[in-house]
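Opened the notebook for another round of looking things up. Today's topics are strand pairing and the ligand shell.

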Amino acid sequence: MAELLALDKVTAGYGESIVLEDVSFTMNEGDSLALLGRNGVGKTSLLVTLMGLTRLHKGSIRWGGADIARVPTYKRSRSGLGWVPQERHMFPSLTVEEHLTVVARPGPWTLAKVYEIFPRLHERRANMGNQLSGGEQQMLAIARALMTNPRILLLDEPMEGLAPIIVQELVRVIRRLVADEGMSVIVVEQHARLALSLTSRAIVLDRGRIVHDSDSASLLADGEKLDRLVSVA
Ligand SMILES: Nc1ncnc2c1ncn2[C@@H]1O[C@H](COP(=O)(O)OP(=O)(O)OP(=O)(O)O)[C@@H](O)[C@H]1O
C-alpha cells in the first residue's frame, strides 16, 4: 500500500507554546489509527496540526507524497483530509441535505451512498441543522466529510456525549468504513477500548509525545498497560 501520511519529528503548538514534540509516524492507504491519551495531552492538537491550524516549529508533514507545511487549511481539505472536529459546526439555516450537497465533490461517496449508511439522515433530510439531536449532528458531521470524498477521515471524539444506542450506530458505521470501504482513518477517542476495537494500530500520547505505538489488538489485550497509559491515575 502507498504511503498516505508521514510525520517526521513534528514539534508544533499555539504561538510560542509547544504542545506536540518530536511526533513521528507513517500511515499507508487504508490504515486505521486510534490516537489515545489522557485529557489535554495533544490529541486534538495533532489533528489540528494536520489541518494546518497550529504553528509548526520543527519537523515535516508529508501528505500524499508532498510536504504540506505551507499549504493552507482549505487546500488540505480539498486534497483529501476529511476533518470532523469535536464541535460539529452545523448551520441552523441549512437542511440536512443542503449540508451534504454544498460540500460534495466527485468520487464514490454520493448522496445516495451516504444516506444508505446513515438511514436516519435520509429520514431527516428536510430538517434544519438546529433541529437535530446530538447524535444526528454527529452523523451529519461524518456524512458531510464523506461527501467531500476524502482520502482519510480525522474523527475527533466522535462518540463524545452520545447515548449508547447512537454510539452503537456510529461504531457500526466506522467499522464498515474501515473494514469494508478500506477508508483510512485516525480516531481520537476517550473510550480507548472502543477505539482499539475499531482500528488496526494505536498511538498513545502523553504531554505531546508518543509514549506507545503498537497494533491495536495487542494493546487491547494488555489491559494493565492500557490503563496505565490512558486512565486518569
Ligand atoms: N487554541 C489553543 N491555544 C492555546 N493552547 C491550546 C489551544 N488548544 C489546546 N491548547 C492546549 O494544548 C494542550 C493540548 O490540548 P488538546 O486539546 O490537543 O489535548 P487533547 O488530548 O485533545 O485533550 P482533550 O481530550 O481534553 O480534548 C493543552 O494544554 C491545551 O490547553
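**Strand partners and ligand shell**

I started at Leu7 and found that its bridge partner in S4 is Ile61. This is a predicted model, where local features need pLDDT of at least 70, side-chain atom pairs count only at pLDDT 80 or more, and totals for chains, interfaces and linings use all residues. Residues are numbered from 1 along each chain as its sequence is written.

My labels are DSSP runs numbered from the N terminus: helices are H or I with at least four residues, strands are E with at least two. I call two strands paired if DSSP finds at least two bridges between them.

S1 (residues 3-14) and S4 (residues 55-63) run antiparallel, joined by 7 bridges. I then checked S1 against S2, which pair in the antiparallel sense over 8 bridges; there Leu7 has Phe25 in S2 as its bridge partner. Their hairpin has 2 residues between the strands, and Gly15 takes a positive phi near 60 degrees.

Next I went to S9 (residues 201-206). S9 pairs with S3 (residues 32-36) in the parallel sense over 4 bridges, with Ala34 opposite Ala202. On S10 (residues 209-215), the pairing with S9 is antiparallel over 6 bridges, and Val204 stands opposite His212. In that hairpin, Arg207 has a positive phi near 45 degrees.

Last, I listed the ligand's surroundings, counting a residue as near if its C-beta atom, placed from the backbone, lies within 6 Å. Among them are Tyr14, Ser17, Asn39, Lys43 and Thr44. Which element gives the most to the shell? H1 does, with 3 residues.
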